[in-house]
Structures are given as structure tokens and as C-alpha cells.
Amino acid sequence: MPIYSYACRDCGDEFQTLVRSGETPACPSCESEKLDQQLSLIASPNKGGEVDSGPACTPAGCPACPGMMN
Ligand SMILES: [Zn+2]
């Protein structure tokens, strides 16, 4: 089960949580569901650099995307 990192848009809290498909996580501090999903740095293989939030890319065609092709 993947762990995703989120940043709350309402209170700015950052947290990681397990997310099952179909579930919407909520901020543990204020219970807001206005969250920005961060690229998970926890479950990703270490490729020696952080991935910045750039344009979306397709996992199948992007060797630079960590953790997308298990
Ligand atoms: Zn919050």
C-alpha cells in the first residue's frame, strides 16, 4: 500500500498517510480535504535527487520518474 505525502492547503500541515484507492485523505490537524499531494519521497527508490513538481509525464515513457514502474 503506497504512502503519500500531503500538504494541507488550509493549515499548511504536512503529513504522510496510507491511501487506499477510492479514499480521500484528510488533514490530521484540521480535517480539511483540501490537500496537495506531494511526490512521495519515502517509497521511492533513491535516485540521488529530489523530483521537483514539473509537468506531468507518463510513467511508461519517463525513466526519470521514480517508483512509477514497479
Ligand atoms: Zn490542515
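In this predicted model, a convenient place to begin is the hairpin of β1 and β2, where 5 residues lie between the strands and glycine 12 adopts a positive phi near 80°. The two strands that this hairpin connects run antiparallel, and 5 bridges join β1, which covers residues 3-8, to β2. Two of the facing positions can be picked out by eye. Isoleucine 3 of the hairpin pair has leucine 18 of β2 opposite it, while tyrosine 4 faces threonine 17, also in β2. In general terms, strands of a sheet are held in register through backbone hydrogen bonds, in either a parallel or an antiparallel sense.

The picture widens once β3 is included. Strand β1 pairs with β3 as well, again in the antiparallel sense, over 4 bridges. Within this second pairing, serine 5 has glutamine 38 of β3 as its bridge partner. Taken together, 3 strands make up an open antiparallel sheet, and their order is β2-β1-β3. The edges are formed by β2 (14-18) and β3 (35-38), each of which pairs on one side only. Neighbouring strands of the sheet are turned by 35° against each other on average, with direction ignored.

A last look goes to the segment before β1, which is where proline 2 is placed. Is this residue buried, exposed or partly exposed? Proline 2 counts as partly exposed because it has 13 C-beta neighbours inside 10 Å, whereas a buried residue would need 20 or more and an exposed one would have 12 or fewer. Proline 2 also comes into proximity with a residue further along the chain: its C-alpha lies 6.6 Å from that of valine 19, although 17 residues separate the two in sequence.

Conventions
Residues numbered from 1 in each chain as written. Predicted model: local features only at pLDDT ≥ 70, side-chain atom pairs only at ≥ 80, totals over all residues. Pairing = 2+ DSSP bridges. Axes fitted to C-alpha atoms, helices over the stretch in contact; angles between N-to-C directions.
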